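Let's take a walk through this one together, starting with empty space and then moving on to the charged side chains. Have the structure open and follow along.

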Amino acid sequence: MEEAAAVPAGERPGDRPGTGPAPGGADDAERIEDVLARPVVAAVEALGGYGGLVYLRSHDRRSLVLCVVAGVPRSLLKPWWRIPVGGALPVAEAYRSGGRLWLPDERATMLRFPQFTAALPYSFASAYQPVTVGGETVGVLVVLRSATREPMGAATVARVLHDAGRSMEERLTGFVRRAPVPAASPAPAPTDTDTGTPAVAEAVAYRTEYDDQPVSVRLPTQPTHTLRLGMVEWDLDSDRWWADDEALALLGLARKDFGGTMADIEARVSPDDVHELRTCRSDARAGLRIGYRRLRVLDERAEDGRPRYRPVELWGHVVRAGSAGRLLVGALVDAAGGVTASEAAERLPDGLFSLDQDGRVTYANQRCVELLGCGRDELLGHYPWQVITWLHDPDYEDRYRAAMLSQEPVSYPVRDPNGAWLGFVLYPGVHGLTGRVFRTGPPAGAVAGPVSEAGAAPGTAPGTAFGGGTAGTAPRGTDLAAPPPAEVAAPRTGALYHVVQMASALTEAATVMDVCRAVSEQLLPAFGARELALYAVRDERMHLLWESGYPEGFLAPFEGTPLDSELPGVHALTTRLPLFYESPEELTGAYPGITLDRMRAWAFLPLIASGRPVGSCILGWEVLRRFTPDERSALIALSGLAAQALERARLYDAESAVARGLQEGLLPHRLPAIEGLVSTGRYLPGTQGMAIGGDWYDVIRTERGVALVIGDVEGHSVQAAAVMGQLRSAVHAFAASGHPPQEVITHTNRLLADLEADAFATCCYVELDPDTGRAFAVRAGHPPPLLRHPDGRTETLDLAGGVMLGVEANAFYPVTALTLAPGSVLALYTDGLVEQPGSDIETGIEAVRRTLAHSGADSVEELADQLVKTARRVDDRPDDVALLLTAYRRAPGD
């Protein structure tokens, strides 16, 4: 066996101690996918399911990202690898609410989440369990189950989900504590001295956030027949490999190309099975025997260069080899199929084929290849809808999706290019799918006769299937010959369902950026595109609104392009006709000299709203692509939705800009300098609705000293800002004219009631004498002020208060007397600073009080920044925030 060794210089890994990554090195670091894998598999088995998923929150907290997949193909779920936290999907709902969900069938799903059913109109049951760490929700566990299986009671499901959630929390908690802190990450927050509870929020955040691709975890499987066998040795301490010629052949490696490293092995293994290989290493190090471990390795590439995979199994056990440490001695076994089963299948009159979990063909009998009209070698390792041109239709791939997600047999007729009808029956399982194909008669209403070579969807007329153009006179270069079928990527499935999903997302988008983000999040995954650019027309020129996936600076030369330019994006808009280019040759033939990047297919869609040109949407694909009529129709419909939403958002942004200008003009540009006092203010607009509100603050000189005022008009609109301006002016006038605090608030309340503005407001008014520190405070439905004493003790002032302004014209507002010692700091704020979704206002006030008490800020400005820091970092801020901070130093000479 030494002659067959495939290690550089003829050395085996055990002969070279210390080579390769050392234990505990970067390659040996614990991964969050490893932590989650076992609980996912256990939950699927406990619920009798066929698939499990774990979503974790993204770094920006806007999305839930698929981290672990078990039992379901990653590619099948690609449109849902990343979903918005605010989406109308059960995963997002479970995350936002922190409660588990059980949807036992399609009807229950449709009643609660109709948009989800529109996107995935298949019959299956699903369960959702929030994943928490330290009381904080960091993700969601999803278990998929066949809806036709024996029903499972809600109590049983709840118990299983509870146990699974607890197991995940325990494992993640240990992971968070063990994981090293990245050099660029902040250290965990210090222990909170008030509560004694470790502040681990930041540690939980950066250790449980996820923005990578999902990792596939294989559910337990039964062994299969073996054909070929090769011997291997794996040094578990240095990760060095030795393999004989047969093992190298199974891996598709030549001896001269094999470096004996773990990287060499992983490069030959399917990305979906790299986790399985790493799990073998972990189990072997733990002393477990390795057997039935199925991996897919790269086989010889097809002539078109696309990869295909051969299934192999890894077997072995660990032995001690002296100074060489721990060796896994074992074998790679060819698991491509069993001779006996293959012979039996060849005797059947029907065609039989098998697809792996990802949808690639792993077996086809002779009758199958005869009926499909292609060679077995062409099929093996490929998606059938890629190889067989007349199966290249979203509807057929959608049948595969329906079978895999419902875990129930699916049957449908297909017409081949010669006009003959074939029946397909798909029998799904958790590790793949077995299919049967046979001759059958035409379905009722089908059109007889042969079809075009491109094929046709079920029941369509001859020659109407693929590559058809859009109605009207198309601009130059469109509808040229389609690229060779072998080079064409399969279209995304369920494209039309994403029309409903995107329409729902756009109804919730308010601003132009909201619309652009919704279009990007929905359109790119729905159709498998890699690049998206949105342009808007302004002053007869095209201006970029949004880009995703483009090389840095690539679009810069196109900024401000005039509408008479010879560019496809401009022509699509000016002619109001969409342009589809299925290859670079098509695009460069229509527009010689146009600058291209790595994309190989494009769609240029006009954005037309109410008959008026708004802009263009440009999509790019990395592979050649044949656009089917359904895809073209869906893209055109989606561009119309985007145009209407974009036009609405532009009007909204314009109104918001006017409103924000009004509000900024009404707030004080600077606060007056008062001897003995240092005051500063902060204002943060909300990020929802009009993004403006009625919060205000002011510092006013009075006959008795200075008035510190803060208020909040309900609502977020131009009217709220206008009412705020009126109230601020009224308070300023009453205070400056010598009225005491109680009268200022009483008169202001009566004024608001008389205005009949259908608005209410809260207010806190404190009049302070800088010479003595004596103060009188009046509160009208407003949150209580905070006072930090010179010794650092901080309290929430218990001020007597009255109702909100504008509620009752003759309301009474009591006055509370206070005394501020030199060195005190008084904080007035609006509810936006202390209110957070899912928690009460008292909790928020206490959090701000603790920050004020323990701050080591050297100035009032720095202290104000610290108090609004948390609110400033929140992307989804439902209310605006106002803060007036005053440090009392006492006037000089007193």
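First, a word on terms: on a 1 Å grid over the protein atoms alone, a cavity is a set of points where a 1.4 Å probe fits but cannot get out. Keep in mind, too, that this is a predicted model.

With that in hand, how many cavities of 30 Å³ or more does a search of the whole structure find? It turns up six. The largest cavity has a volume of about 310 Å³. Its lining is made up of 20 residues, and the closest of them to the centre are Leu555, Phe558, Ile594, Phe604 and Ile618. If you'd rather think in elements, those giving two or more residues to this lining are strand S19 (531-538), helix H17 (568-575) and strand S23 (601-609). H17 has the largest share, at three residues.

Stay around S19 for a moment and look at the loop between helix H16 (512-527) and S19, where you'll find Arg530. The side chain of Arg530 meets that of Glu622 in a salt bridge, 3.3 Å from N to O. Glu622 sits in the loop between strand S24 (612-621) and strand S25 (624-625), so this pair ties together distant parts of the chain, 92 residues apart. Are the two partners buried or exposed? Neither, quite: Glu622 is partly exposed, at 37% relative accessible area, and Arg530 is partly exposed as well, at 32%.

That pair is one of 34 salt bridges in the model. For a local one, turn to helix H22 (residues 841-854), which holds both Arg849 and Glu846, three residues apart, or about one turn of the helix. Their closest N and O atoms are 2.7 Å apart. Here the partners fall on either side of the 20% cut-off for being buried: Arg849 is buried, with a relative accessible area of 14%, whereas Glu846 comes in at 29% and counts as partly exposed.

Now swing over to helix H8 (residues 262-268). Glu266 in H8 pairs with Arg278 in helix H9 (residues 274-285), twelve residues along the chain, and their side chains form a salt bridge at 3.3 Å, N to O.

Arg268, also in H8, is another story. What does this arginine do for a charged partner? It is buried yet has no salt bridge, and the nearest side chain of opposite charge, Asp299, is 6.8 Å away. A salt bridge needs the nitrogen and the carboxyl oxygen within 4 Å, so Asp299 doesn't qualify. The side chain of Arg268 does reach the backbone oxygen of Gly252, at 3.3 Å. Leaving aside neighbours within four places in sequence, Arg268 is in contact with Leu251, Gly252, Leu253, Arg296, Val297, Leu298 and Asp299.

One name in that list, Arg296, leads on to a wider arrangement. Arg296 belongs to a network of salt bridges that also links Arg74, Arg218, Asp272, Asp273 and Asp356.

Last stop: strand S27 (residues 694-702), home of Asp695. At 0% relative accessibility, Asp695 counts as buried. What does its side chain touch? The side chain of Asp695 makes a polar contact with the side chain of Thr830, at 2.7 Å.

Conventions: Residues are numbered from 1 along each chain as its sequence is written. This is a predicted model: local features need pLDDT of at least 70, side-chain atom pairs count only at pLDDT 80 or more; totals for chains, interfaces and linings use all residues. Side-chain values use heavy atoms; hydrogens and water are left out. Helices (H or I, at least four residues) and strands (E, at least two) are DSSP runs, numbered from the N terminus. Buried means under 20% relative accessible area, exposed over 50%, partly exposed in between (1.4 Å probe, protein chains only). Lys and Arg count as positive and Asp and Glu as negative; His and the chain ends are not counted. A polar contact is a pair of N or O atoms within 3.5 Å; within protein, one must be able to donate a hydrogen and the other to accept it, and residues adjacent in sequence count only if both atoms are side-chain atoms. Contact means heavy atoms within 4.5 Å. On a 1 Å grid over the protein atoms alone, a cavity is a set of points where a 1.4 Å probe fits but cannot get out, and a pocket is an open set with protein on both sides within 12 Å along at least five of seven lines; lining residues have an atom within 4 Å of a point. Grid points are joined across faces, edges and corners, and a volume is the space filled by probe spheres set on the points.
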